[in-house]
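Please open the structure in your viewer and keep the selection tool at hand. Each stop of this tour proposes a selection and then describes what is found there.

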Amino acid sequence: MTVIELHDAYIMQDVNTVLQKVTFALEKGEFAYLVGRTGSGKSSLLKTLYADLPLPAGTGSVVGFALPRSGSSSKVPYLRRKLGIIFQDFQLLFDRSVADNMLFVLNATGWTGKARKQQRISEVLMRVGLASVAGKMPHQLSGGEQQRVVIARALLNEPLLLLADEPTGNLDPDVADSIMQLFVEINNAGTAVLMATHNYQIIQQYPRRVLKCEQGHLIDSAVSPFELS
Ligand SMILES: Nc1ncnc2c1ncn2[C@@H]1O[C@H](COP(=O)(O)OP(=O)(O)OP(=O)(O)O)[C@@H](O)[C@H]1O
């Protein structure tokens, strides 16, 4: 199964073309990095993939949903339910506990049954190695732990695809490495991952396919291998 398919896609910010004629596919269970200089279009591409930016030209589908030409498609919530989205700055709600952060997502995505919801929260926290933090407030956790909670939250609805924008960006090298290992484990269990990163040390340590934004185009190491620089 193909989880991302773009054909001649244009990635735009307002009237400006950020990337043109982007064509690539990511298969179920695949892992790819997204690299490129600052401002080269990594975040814009990810935003297009989760329909935060429209796809004005070309075609695209993500986990089986056609990407909308305008931002107003009623299908966007269904697309987002099948995706896990992870940002650099952790985006937890700091006014409530870890469990309540999770509940917020479960309630917003139609889960019912208190026991079922609690069970799912325990499962995903266990999955990221944080079984005992459900009752804690986010500020009581380290940066690495907060990022694990964000990853746990992204796993609640068993996504086919994780989109991650610089998920190790604000973390110490050791902590970044442990977060990376967690992504590898999640990927080994079958979830596809597309990860924007500037961290070439991590790419060298965990070599995978690389997609590079360069001068308005996306270059794919699976099509034409290149040296990272
Ligand atoms: N909200 C926005 N409105 C208008 N233009 C934007 C917006 N966000 C980004 N851009 C522009 O789009 C281009 C691509 O930016 P983007 O954030 O996608 O790059 P990036 O590769 O993710 O950079 P970084 O590594 O710094 O996160 C840049 O020229 C940027 O100035």
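Begin by selecting L6 and F24: L6 stands opposite F24, which belongs to strand 2. The model on display is a predicted one. Now extend the selection to strand 1, residues 2-13, together with strand 2; the two run antiparallel and are joined by 8 bridges. Next add helix 1, residues 42-49, which packs on the sheet and touches strand 1, strand 2 and strand 4 (59-62). The direction of helix 1 makes about 120° with that of strand 1.

**The open sheet**

How many strands form this open sheet, and in what order? There are 4 strands, arranged in the order 2-1-4-5, and their pairing is antiparallel. Select strand 2 (16-27) and strand 5 (65-66) to see the edges. Each has a single partner strand, so one side of each is left without a neighbour in the sheet. In general, the strands of a sheet are paired through hydrogen bonds of the backbone, in either the parallel or the antiparallel sense.

Move to strand 4, which pairs with strand 1 in the antiparallel sense over 4 bridges. For a landmark in this pairing, select H7 and T59: H7 stands opposite T59 in strand 4. Which residues of strand 4 lie on its covered face, and which on its uncovered face? The covered face holds G60 and V62, whereas the uncovered face holds T59 and S61. It is a general feature of a regular strand that side chains alternate between the two faces of the sheet.

Continue to strand 5, which runs antiparallel to strand 4 and is joined to strand 4 by 2 bridges. V62 stands opposite F65 in strand 5. Strand 4 and strand 5 form a hairpin with 2 residues between them. Select V63 in the turn, where phi is positive, at about 40°.

**Two residues to compare**

Return to strand 1 and select D8, which lies in this strand. Is D8 buried or exposed? D8 counts as exposed because it has 12 C-beta neighbours inside 10 Å. Apart from neighbours within four places in sequence, D8 is in contact with K21, T23 and G58. If you also select P77, which is 69 residues away from D8 along the chain, the C-alpha atoms of the two are separated by 25 Å.

Now select G58, found in the loop between helix 1 and strand 4. G58 has 17 C-beta neighbours inside 10 Å and therefore counts as partly exposed. Which residues does G58 contact, once neighbours within four places in sequence are left aside? They are L6, H7, D8, A9 and Y10. Add V22 to the selection: G58 and V22 are 36 residues apart in sequence, and 8.4 Å apart in space, C-alpha to C-alpha.

**Helix 1 and the ligand**

Select helix 1 again. This helix is mostly covered, with 6 of its 8 residues buried. The buried residues are K42, S43, L45, L46, T48 and L49. Helix 1 is followed by A51, whose phi is positive, near 60°.

Then select the ligand and the residues around it: Q13, D14, V18, G36, T38, G39, S40, G41, K42, S43, S44 and C213. Which element supplies the largest share of this shell? Helix 1 does, with 3 residues. Coloured by class, the shell shows 2 nonpolar, 8 polar and 2 charged residues.

**The parallel strands**

For the last stop, select strand 7, residues 161-165. How many of its residues are buried? In strand 7, 5 of the 5 residues are buried. L161, L163 and D165 point one way from the strand, L162 and A164 point the other way, and all are buried.

Add strand 6 (residues 83-86), which pairs with strand 7 in the parallel sense over 4 bridges. Here I85 stands opposite L163 in strand 7. Next add strand 8 (residues 192-196), which pairs with strand 7 in the parallel sense over 5 bridges. V193 in strand 8 is the bridge partner of L162. Finally, include helix 6 (residues 173-188): strand 7, helix 6 and strand 8 make a right-handed β-α-β unit.

Technical notes:
Residues are numbered from 1 along each chain as its sequence is written. This is a predicted model: local features need pLDDT of at least 70, side-chain atom pairs count only at pLDDT 80 or more; totals for chains, interfaces and linings use all residues. Two strands pair if DSSP finds at least two bridges between them. Two residues are in contact if their C-beta atoms, placed from the backbone, lie within 7 Å. Axes are lines fitted to C-alpha atoms, for helices over the stretch in contact, and angles run from 0 to 180 degrees between N-to-C directions. A residue is near a molecule or strand if its C-beta atom, placed from the backbone, lies within 6 Å of it. Ala, Val, Leu, Ile, Met, Phe, Trp, Tyr, Cys and Pro count as nonpolar, Asp, Glu, Lys and Arg as charged, and the others, Gly among them, as polar. A residue is buried if 20 or more other C-beta atoms lie within 10 Å of its own, exposed if 12 or fewer, and partly exposed in between; C-beta atoms are placed from the backbone. A crossover is right-handed if, with the strands pointing away from the viewer, the path from the first strand over the helix to the second runs clockwise.
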